[in-house]
Amino acid sequence: MFKFFKWLFGLGKPRSSYEKEVFSPNQRLAAKIMLKNGRITYSVVKDGKILVRDSYLGFDLRGDTPIRDNLMLVRALSKTFDDTWETKWGEEHYIRNHYNEETLYLSENSGKKRLFTLRFRVFDDGVAFRYEIPPQPEFQRLVIANELTEFNVDINGQAWHIPAYQPDRYEYNYEKSFIYELERSVHTPLTIETPVGYLLSIHEAALYNYGSMTIKPNTRGVLSSDITPLSDGAKAYVELPFNTPWRVIMVADNALELTTNRMILNLNDPPKENFDWVRPLKFIGIWWAMFVGEWTWAEGPRHGATTEHAKEYIDACVRLGVPGLLIEGWNNGWNGDWLENGPTNDFLHPVKGFDLDEVAEYAKENGVELVGHHETVGYVDNYERQLEEAYRYYAEHNIHYIKPGYAGSFMVIQGRREYHHSQLGVLHYQKALELAAKYHIMLDVHEPIKGTGIERTFPNLLSREGARGQEYEGGALSPSHTTILPFTRLLSGGMDYTSGIFDITNGTKRIATTLAKQLAYYVVIFSGMQMAADRPRFYEEKFPKAYEFIRDVPVSWEKTVPILGQIGQYYIVARQGRDSEDWYVGGVTNEEGHRVRLNLDFLSDGQYEATIYRDGDGAHYREEPFAIDVSSRKVTKNDNLDIFMAPGGGFAVSIKKQ
Ligand code: NOJ
Ligand code: CA
């Protein structure tokens, strides 16, 4: 470390002022970094238009002076990075990571003369930066009272947002408003349309050992970071060296372009160990039957997780061509009020009537992967006591996938109530993920910490919920919801939306979509674990033709090509199957119908067979949700498909190479 300081200061006198424009590789976007009057600011400019005005940076510390003022520049370094990397699974097989980087080594010029580094990366499609603080003789640990990062966007822009610090975590409907109307903290990704028509999304990458960043206007009325606090009000306790998560501003010319921004993954490290054992999964579940009241999680005459039902569902997996089966309600903790049982939930013993040995054996014989389930209700203390043994228990039963859930409105960690998104919450999710990797277990986390791209480093994190999902149907989901997600939540990574509900008119959980829209979700909403969420009989007996799309659609992709989209109105995307020449297209619309002429020019040369699943005559999410028209025809890349998405509807197309 001392060598480092010698190197740093061996370069002449620190400077009290500095100005530098760091350009993106294509020169259209720039971060302008300025040191003036002892304070450091950045701004973001695209095509000469200012998208983020001078924004201050720094920290308030507990028990110490803020890191913010009296700054001098000790050294600045520039570099260019360009690398294309291969994903294990995901929306793209190969991702280019191309940016110009500027690293500023800063020091206070009075007091303790503390040092810290600001690292900026400017990509063609956004700007990212983080704080890096090295250990120093008089500065070994710190308590963050506030992070003072500003995002000084024009408050006349419009934003799509969900509120932070709410009991249902990320599970809210998006609202659209002017930025000047924002009063409370909102979650990221925070997607913004600027008054001059550019699209921005503020988010973070590589969130480790720190509170999750929410956004709110500060006392100057400028959007700024509001880090989720711990129960004692501190934002984070850190030992040095420490790097904050990356602060990310994605920038796009239009909404559609935003949907393929890969900065969040690029700002995470490659895996440090071998994850070749990771496999994306399609699965059904002993699940929706509980939501519609046919079965129960709790034991009793309608208990879902019985040995018999599990075997029936394993047989259904084989018939349906689905490789995985989720079983919820298998363990002690569901009887009575399950939300109250969190402190004592038992993840090591199946309930009477569910023989895990027998079920696991039967699954193995039939080549079916079981997806285990741990509903913690947020009682992390209780869960962590059992965690390793619970993973080992599943691993011994050949179970390689787990869906953990944290359904409580807060977590209980070290005996205290903490936010899921606090530093202690983040540390728990990370501990569970790393331990899962040790047991070669893949996760689909419900009520998770938000996505910040760490699945690049830990590809066994196949999916998460982290938004209002299909379980909110039955009145709480508007048809526009899934036309907003691709531009907001899905910028943070895949989501387990639990698609494929065919029992649309069920009296307990009425679904506000057409049947075709349920199919579209498999292409529109990426997830490394994709559920066919309804009961098997709805696929096999009720709508076998529509089901064929769910059977065929891949979980992992070679390439993603967004086709059309307006936030909150409609969205259409085409994806090529991983290591395949076949393509799939999905489109969703809000409560209004939308006609499109789908140009197939994303295909390669040659003949394809297209099967089109579209809303049929008179289809309407309320009046006529089952009207679906399935037809096949030969196509080439020179063809167009005329498609009408009914109100609350959508479409799906499989296009197979001949
Ligand atoms: C909430 C999850 O999102 C849902 O999928 C699960 O069934 C329930 N919690 C019970 O664990
Ligand atoms: Ca949930």
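A polar contact is a pair of N or O atoms within 3.5 Å; within protein, one must be able to donate a hydrogen and the other to accept it, and residues adjacent in sequence count only if both atoms are side-chain atoms. Keep in mind that this is a predicted model, where local features need pLDDT of at least 70, side-chain atom pairs count only at pLDDT 80 or more, and totals for chains, interfaces and linings use all residues. Residues are numbered from 1 along each chain as its sequence is written, chains are lettered from A and ligands numbered from 1 in the order in which they are written, and side-chain values use heavy atoms, with hydrogens and water left out.

**View 1. Ligand 1 and its neighbours.**
Glu-328, a polar side-chain atom of which sits 2.6 Å from an oxygen atom of ligand 1, is a good place to start. His-446 does much the same with a polar side-chain atom at 2.7 Å from a ligand oxygen, and an N or O atom in the side chain of Glu-471 is 2.8 Å from an oxygen of ligand 1. On its own, ligand 1 exposes 300 Å², and the protein buries 95% of that (areas come from the Shrake-Rupley method with a 1.4 Å probe). There are 13 residues around the ligand, and Glu-328, Glu-375, Lys-403, His-446 and Glu-471 come nearest (near means a heavy atom within 4 Å). The shell divides into five nonpolar, two polar and six charged residues; here Asp, Glu, Lys and Arg count as charged, Ala, Val, Leu, Ile, Met, Phe, Trp, Tyr, Cys and Pro as nonpolar, and the others, Gly among them, as polar.

**View 2. A sheet of seven parallel strands.**
Follow the order β28-β27-β24-β23-β22-β21-β29 across this open, parallel sheet (strands are DSSP runs of E, at least two residues, and helices are runs of H or I, at least four, numbered from the N terminus; two strands pair if DSSP finds at least two bridges between them). β28 (461-464) and β29 (529-531) are at the edges with a single partner strand each, so one side of each has no neighbour in the sheet. From one strand to the next, the twist averages 30 degrees (axes are lines fitted to C-alpha atoms, for helices over the stretch in contact, and angles run from 0 to 180 degrees between N-to-C directions). Zoom in on β23 (residues 369-375) and β24 (residues 401-405), and you find five bridges, with His-373 partnered by Lys-403. Helix α5 (residues 307-320) lies across β21 (281-286), β22 (324-327) and β23, at about 145 degrees to β21 (contact means heavy atoms within 4.5 Å).

**View 3. The β1-β2 hairpin.**
Six bridges pair β1 (residues 18-23) with β2 (residues 29-36) in the antiparallel sense, and Phe-23 stands opposite Ala-30. What is the phi of Gln-27, in the loop between the strands? Gln-27 has a positive phi of about 70 degrees, although it is not a glycine.

**View 4. Three antiparallel strands and a cis bond.**
This open sheet runs in the order β5-β10-β18. β5 (59-61) and β18 (236-239) are its edge strands, each with a single partner, so one side of each is left without a neighbour in the sheet. Here the twist averages 45 degrees from strand to strand. Four bridges join β10 (residues 141-147) to β18, and Val-143 stands opposite Tyr-237. Pro-241, in the loop between β18 and β19 (242-243), follows a cis peptide bond from Leu-240, with omega near 5 degrees.
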